[in-house]
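Please open the model in your viewer, with the sequence panel alongside, and follow the stops below in order. Each stop says what to select and then what is to be found there.

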Amino acid sequence: MPTRWFEDVPIGRVLEYGSYTVTEQEIIEFAQAFDPQPFHIDPEAAKQSPFGGLIASGWHTCALWMKMSVPVMIGENNKAAVGSPGVLELRWIKPVRPGDTLRVRSTVVEKVDLKSRPDRGIIRSRNEVFNQKDELVMSLIGQALTLKRQATAMEAAK
C-alpha cells in the first residue's frame, strides 16, 4: 500500500496496479444507462462506425480506472484521503474493446500546499491506462486532496 499522508508521498513515485477484463455485456449495459451511442450499445451498428466494432464509452473507461484505483490509492483505513477537486487533462487515446484487459500506471507529478487550508494539500498524479498490448488507451491527471500528518496531529492535540 502506498504511503497516505501528504508529506510522505514523493514526487516521482510510480505505482502499477490493476487488471480488469472488459466484457461486451458490461460495455452495452454501461452505455445503455449513461452513453447510448450506437457504437457503444449495438454491435451490428458499431461495425458500420468509424471504430469498426463495439467500443466502451470513455466514461466507462474512467469508471474502470476509478474501480482499479480506489483500493490502491485510498484503501479501507486511509484517514488522510479527503476527496478530489477533479481531474485534469483527460484523454481517450485508443478505443477499449470487449476482451481488453486494462491496467494502470500512476506517477506523482506535483504536490500543492494549500495556503487556505494548511492541514491539507493536493497530490497530482499522471494516470495512464493500458490494454493487454501495452497500448495507452486513456490518460488523466488525478488530484487527491490529502491531509498532512503534522497539521492533523496538532489539530488533534488541541
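For the classes of residue used on this tour, Ala, Val, Leu, Ile, Met, Phe, Trp, Tyr, Cys and Pro count as nonpolar, Asp, Glu, Lys and Arg as charged, and the others, Gly among them, as polar. What you have open is a predicted model, in which local features need pLDDT of at least 70 and side-chain atom pairs count only at pLDDT 80 or more, while totals for chains, interfaces and linings use all residues. Residues are numbered from 1 along each chain as its sequence is written, and side-chain values use heavy atoms, with hydrogens and water left out.

**The whole chain**

Begin with a cartoon view, which should show five helices and six strands, in the order β-α-α-α-α-β-β-β-β-β-α from the N terminus on. Helices (H or I, at least four residues) and strands (E, at least two) are DSSP runs, numbered from the N terminus. Of the 158 residues, 41% count as buried, where buried means under 20% relative accessible area, exposed over 50%, and partly exposed in between, with a 1.4 Å probe and protein chains only.

**Strand β6 and its partners**

Select residues 136-147 next, which make up strand β6; 10 of its 12 residues are buried, so the strand is largely enclosed by the rest of the structure. Two strands are said to pair if DSSP finds at least two bridges between them. By that rule β6 pairs in the antiparallel sense with strand β5 (residues 120-130) over 11 bridges, and N127 has L140 in β6 as its bridge partner. Strand β3 also runs antiparallel to β6 and is joined to it by four bridges, with V87 set against G142. Strand β2 (residues 81-83) pairs with β6 in the antiparallel sense over two bridges, and here A81 has T146 as its partner.

Now move to the turn between β5 and β6, which form a hairpin with five residues between them. D134 lies in this loop, and its phi is near 60 degrees, a positive value in a residue other than glycine. For a second positive phi, select E89, where the angle is near 55 degrees; E89 lies in strand β3 and is partly exposed, with a relative accessible area of 43%.

**From β5 to β4 and β1**

Go back to β5 and follow its pairing with β4, which is antiparallel over 10 bridges. V112 has I122 in β5 as its bridge partner, and the two strands form a hairpin with six residues between them. Strand β4 (residues 101-113) is also joined by six bridges to strand β1 (residues 14-21), the two running antiparallel, and T21 stands opposite T101.

**Aromatic rings**

Which two tryptophan rings should be selected to see an edge-to-face pair? Choose W59 and W92, whose ring centres are 4.9 Å apart and whose planes stand at 85 degrees, so the pair is edge-to-face. Rings of Phe, Tyr and Trp (its six-membered ring) pair if their centres lie within 6.5 Å, and planes under 30 degrees apart count as stacked, over 60 as edge-to-face and the rest as tilted. W59 lies in helix α4 (residues 58-73) and W92 in strand β3 (residues 87-92), so the pair ties together parts that are 33 residues apart in sequence. W92 counts as partly exposed, at 43% relative accessibility. A search of the whole structure finds three aromatic pairs.

**The second largest pocket**

Keep W92 selected and add I55, A56, G58 and P95: of the 17 residues that line the second largest pocket, these five are the closest to its centre. A pocket here is an open set of points on a 1 Å grid over the protein atoms alone, where a 1.4 Å probe fits and protein lies on both sides within 12 Å along at least five of seven lines, and lining residues have an atom within 4 Å of a point. The lining has 10 nonpolar, five polar and two charged residues, and its largest share, three residues, comes from α4.

**A last stop in helix α1**

Finish at I27, found in helix α1 (residues 24-34) and buried, with a relative accessible area of 1%. I27 and H40 are 13 residues apart in sequence and 6.6 Å apart in space, C-alpha to C-alpha.
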